[in-house]
Amino acid sequence: MPDIIQLLPDNIANQIAAGEVIQRPASAVKELLENAVDAGATEIRLIIGDAGKALVQVIDNGKGMSETDARMAFERHATSKIRNIEDLFHIKTMGFRGEALASIAAVAQVELKTKTQDADTGTFIEVENSIVKKQEPVAAPGGTSIAMKNLFFNVPARRNFLKSNAAEMRHIIDEFIRVALSFPEIFFSVTSNRQEIFHLEKGTLKQRIVQVFGDNLNAKLVSVQESTDYMNIFGFVGKPEAAKKTRGDQYFFVNNRFIKSAYLNHAVMSAYQQMIPADSFPLYALFIDLDPAQLDINVHPTKQEIKFEDEKIVYAFVHAAVKHALAQFSITPTLDFDLDPAIQQLDAINKPFTEEKKSEAVSSSLYKTFTQKNQAHFIERENKSELKHWKDLYEGPKLETGSRGLAVGNQQERDLDYQQPVVSYKSAPLELLPGIGLLQIHNSYIIASTNRGFILISQQLAHERVLYERYIAASHGKAIASQRSLFPATINLSSQDATLLNDLINDLNELGYLIGPFGKDAFLVEGTPADMQQGNEKSSIENLLEQFKHFSSDIKFSKREKLIRSMAWQHSIKPGTFLSEKEMQTLTEQLFNCAQPNVTANGKPTYIEFNKDYLEQLFGK
Ligand code: ADP
Ligand code: MG
């Protein structure tokens, strides 16, 4: 029997190996962009022809290659980025396996023009099917231009597998955006069929996000930034009102490399709990830095999955950082950081601090929350100026105008299949059905019909929410009407309570009270907020103080916030109160005009929804 084993010819072996690295034009885009970044470029131009099937070209102003290096670059396992296995553990560059150019050259026609910054002449090389066709000196600017033409011209089976131009173009843009977000300090442009579709000036990350996703985002980004010795997080998340019905603009980068992680996505999404409907998706671009030793290094560089040494810490950290960021601007933060006690015990969280990082990290309020053990944590709003965004919340979501900064030919088509729309029955926003009567039950609850079924409203909690938002608005200058009492009331307090009330008097007057000192430990109440029942000024103030003291003991809100929460609770309609049809109408209307109608400031639901599907289920349908 004859021997049958043969060595594959080099170009065939290369073609097979190339399949792993270059699956479609977008893979080449990623590799070529990353090479340009690794070369230290500050300006990178991407030129696409025919959705990358005809041409993918990247031009950079990086360090360029010498003649020998230019030739070497196309060899398999040719890399300037690692020398030994140890290097793998502190790799800083995007690529390191030395396979990209070899792979591209195996499945396309490649033209390389490169010149190091201080050389007089550059080098031109043409490679096709892994074979060098031409090499000659050439005049060129400092930097590198690599053009990949006619991808898979020599592997027709693969070429036939490419998708429509629209689909391949989307993949390209996805890859491009990931790189563009990671390097806002680099100028990028993208030209497709001679039309410039991105032109991204150098700038900050925030500017880059706005350039890429659209101007209308500018006021809708909340910055996330926390550092500990174990890891840092930096980036932006969208305000709840900017959340979309389609999953799409969500990006995680670990050590500046884009990754996909359902686990970390969950950490972010759960930080938005109760702030956005369950079926909408906030934008985020978050960058996590941590010691590469904490990552599984054996991940394939073209794969986007990642393994953390301790993913629970990373989860808790991301969750807490996003929650903290949202709380900073939100008027109704659910501020507890439910950190798993097991995580709080960990050394990395407890005492990791080297001297140099200590001061920086200790000033981070996240650090403080991490270090207060075994309790629900609350964070005080630190930065008053953040409150200017509060108004945005009140005005509710605005209609999206402006594009995503893209000039792709058919914008609409692109948006449609770029982000799979979530079409479900429940996704219709909840609306009360007008003209259908409201029903009060036990003088405590209201039943209201909605477009999706019905809701059972707690009259007290609903009113608490309405008042809370009204008082918040008042403390930002939208004055609350006062009603003058027919008979001003004097109240005498213990000297302790008098001190407390003195402390609160300005706030109270802004919130609709008319109250002033009246001798030692005594006060004169001449008016109350307009919506309050007359005649019990005295007990109302006393109860308010009691409630305030109760809040004071364990919650680290600002004085004003505590007062507002106390007042909202204190003044809310109590269970057992009969409401006329008109009163129920007003209350439900006011509730649904709230920025966040579904929950009280303290996190209790204001209503429970019974949707039609659920009702049908109950009856066994
Ligand atoms: P890797 O990036 O993993 O090292 P590549 O095949 O992508 O492997 O590139 C091989 C080598 O070619 C790189 O290590 C680098 O030295 C050089 N190179 C590639 N692209 C560029 C570029 N745009 N500018 C300068 N050098 C480059
Ligand atoms: Mg590379």
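How many bridges pair strand 16 (residues 453–458) with strand 20, and in which sense? The legends below take this up after a visit to the ligand. This is a predicted model, in which local features need pLDDT of at least 70 and side-chain atom pairs count only at pLDDT 80 or more, while totals for chains, interfaces and linings use all residues. Side-chain values use heavy atoms, with hydrogens and water left out.

**View 1. The shell around ligand 1 has 19 residues.** Among the closest are Asn35, Ser80 and Gly98, where a residue is near if one of its heavy atoms lies within 4 Å. By class, the shell has eight nonpolar, seven polar and four charged residues.

**View 2. Polar atoms meet oxygen atoms of ligand 1.** A polar side-chain atom of Ser80 sits 2.5 Å from a ligand oxygen, and one of Asn35 sits 2.8 Å from a ligand oxygen (polar contacts are pairs of N or O atoms within 3.5 Å). The protein covers 93% of the 530 Å² of accessible area that ligand 1 has on its own (Shrake-Rupley method, 1.4 Å probe).

**View 3. Four strands form an open, antiparallel sheet in the order 14-15-16-20.** Strands here are DSSP E runs of at least two residues, and two strands pair if DSSP finds at least two bridges between them. Strand 14 (439–441) and strand 20 (607–611) each have a single partner strand, so one side of each is left without a neighbour in the sheet. Back to our opening puzzle: strands 16 and 20 pair in the antiparallel sense over five bridges, and Ile455 has Glu609 of strand 20 as its bridge partner.

Methods:
Residues are numbered from 1 along each chain as its sequence is written. Chains are lettered from A and ligands numbered from 1 in the order in which they are written. A polar contact is a pair of N or O atoms within 3.5 Å; within protein, one must be able to donate a hydrogen and the other to accept it, and residues adjacent in sequence count only if both atoms are side-chain atoms. Ala, Val, Leu, Ile, Met, Phe, Trp, Tyr, Cys and Pro count as nonpolar, Asp, Glu, Lys and Arg as charged, and the others, Gly among them, as polar.
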